[in-house]
Amino acid sequence: MLIGIIGAGISGLTAGRILAQAGHEVIVFEKSRGLGGRLSTRYSKKYEDVRYDHGAPYISGNDERLVQFMNELEGKGILKLWTEEFHFHDGENIYDKHPNRPKQRMYCAPEGMNSIGRYLSRWVDVRRNTKVIGFTYFGENLRTKKPWMINLQNSEAVEVDAIIVATPAVQTYGLIENSTDETMFKSIIKDIDTVHYRPKHTLMLSYENADALNFKGLICTNNPVLHFISNESSKRDTGNKLSLVVQANGDFSRKHIFDEVPEDQVLSEMITALRGLLGDWAGKYDEADLKLWRYSQPGNHFETDFVEVGADRAPVALIGDFMKGQTIEHAFISGYELGHYWVKKLSQK
Ligand SMILES: Cc1cc2nc3c(=O)[nH]c(=O)nc-3n(C[C@H](O)[C@H](O)[C@H](O)COP(=O)(O)OP(=O)(O)OC[C@H]3O[C@@H](n4cnc5c(N)ncnc54)[C@H](O)[C@@H]3O)c2cc1C
């Protein structure tokens, strides 16, 4: 069968890989240039050896299915063990471990988190810079050769047998709204609309000739501006530079979006908070870049690994991190479970 997947994040690519390995033809449509979705890496404009994981900074999880995948990536040199503990700032002092957070194996990607998406894309045909705007159901009343048509922003359309929507719930909702057979989705569209995401500003910073930091990651609680600092220089060799990705806390980002605070002011407030935390040197950066994630992680979720609707012979499935959770682990399992379920189901045709 020919399966069209919307979104080249870890959920879509994982499902795509499993289906392609079972002999299906898989096309993944990705609106952006990069692969991996929120497992995303930005390259420094100034320094060749600096890159910033400005989406999820690392990958971890205990589920056996994910552990097996992380082991595979570690074996290929795509992941390496980063740390088992982060430093912790309680609002006053920095401690070398979090009192209530159990040790966990956290893996980073020396080449950047986007190398996970690049690896997974080997099994499928990915069309980058290709935004899907909706899909149309023709069913067995064949005016077309296949039951579904995926409509692209560039006015082209691609016929497929089955569709997987692997985008954040907010975008999934928009795609369903633009589908000609909305009734098919009647039972779930309201639930999709209730999934909300936390926004997050991430600030990328580099310092020439700065002293090395003694932490890999620093979790901040009780800080009105900052949530987490990732020491990117502890993931890869950045020469004499120190590079950091600083994540704002959700309330700060939400309020600043609501108040339409200009980017340079957001940046300046985050720098002031960072100086308060690490010292005045933190204000003397040589490169700074700010990114706003409107949908960083879901705040609520569905209770199933995936949702399937549509005709049995021409199904549509929804997957992603809003299935059963809010993390990379949930996104991976969602794609993994749907992939295996469809391998079994579609082979019975
Ligand atoms: C700043 C930040 C920090 C995070 N920290 C952590 C963390 O510490 N731990 C953790 O587990 N998780 C973390 N996450 C969340 C984690 O990255 C996500 O849960 C996971 O990557 C989601 O994968 P996904 O496949 O569900 O969706 P995505 O990665 O969002 O993939 C969806 C893809 O669909 C594409 N797309 C959307 N609409 C269309 C369209 N119309 N046409 C074509 N393509 C489309 C998007 O461009 C994207 O590439 C973080 C995320 C962010 C942003």
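Around the ligand there are 37 residues, and those that come nearest are Ser11, Glu30, Arg38, Val132 and Asp321. Keep in mind that this is a predicted model.

Let me take the polar contacts next. Val132, one of those nearest residues, has a polar backbone atom 2.9 Å from a nitrogen atom of the ligand. Ile10 also uses its backbone: a polar atom there is 3.3 Å from an oxygen atom of the ligand. With Asp321 the side chain is involved, and one of its polar atoms lies 2.7 Å from a ligand oxygen.

How much of the ligand does the protein bury? On its own, the ligand exposes 1,000 Å², and 93% of that is buried by the protein.

Now, which elements give two or more residues to this shell? They are helix 1, residues 10-21; strand 14, residues 197-208; strand 18, residues 287-298; and helix 8, residues 328-347. Strand 18 gives the most, with three residues.

If you sort the shell by class, you get 14 nonpolar residues, 17 polar ones and six charged ones.

On to the domains. The protein is divided into two parts, and neither is one continuous stretch of the chain: domain 1 is 2-37 + 118-195 + 302-347, and domain 2 is 42-110 + 196-298. Where do the shell residues come from? Domain 1 and domain 2 each supply at least three of them.

The C-alpha centres of domain 1 and domain 2 lie 30 Å apart. Even so, the domains touch: 23 residues of domain 1 are in contact with 23 residues of domain 2.

The size of an interface is often given as the accessible area lost when the parts come together. Here domain 1 and domain 2 bury about 1,800 Å² between them, with 61% of it on carbon and sulfur atoms. On the domain 1 side, Tyr119, Gln326 and Glu329 lose the most area to domain 2, and together they make up 30% of what that side buries.

Definitions and conventions:
Residues are numbered from 1 along each chain as its sequence is written. This is a predicted model: local features need pLDDT of at least 70, side-chain atom pairs count only at pLDDT 80 or more; totals for chains, interfaces and linings use all residues. Side-chain values use heavy atoms; hydrogens and water are left out. A residue is near a molecule or strand if one of its heavy atoms lies within 4 Å of it. A polar contact is a pair of N or O atoms within 3.5 Å; within protein, one must be able to donate a hydrogen and the other to accept it, and residues adjacent in sequence count only if both atoms are side-chain atoms. Accessible areas come from the Shrake-Rupley method with a 1.4 Å probe; for residues, only the protein chains shown count as cover. Helices (H or I, at least four residues) and strands (E, at least two) are DSSP runs, numbered from the N terminus. Ala, Val, Leu, Ile, Met, Phe, Trp, Tyr, Cys and Pro count as nonpolar, Asp, Glu, Lys and Arg as charged, and the others, Gly among them, as polar. Domain bounds come from an automatic or database domain assignment. Contact means heavy atoms within 4.5 Å. Buried area is the accessible area (1.4 Å probe) that two parts lose on being put together, summed over both.
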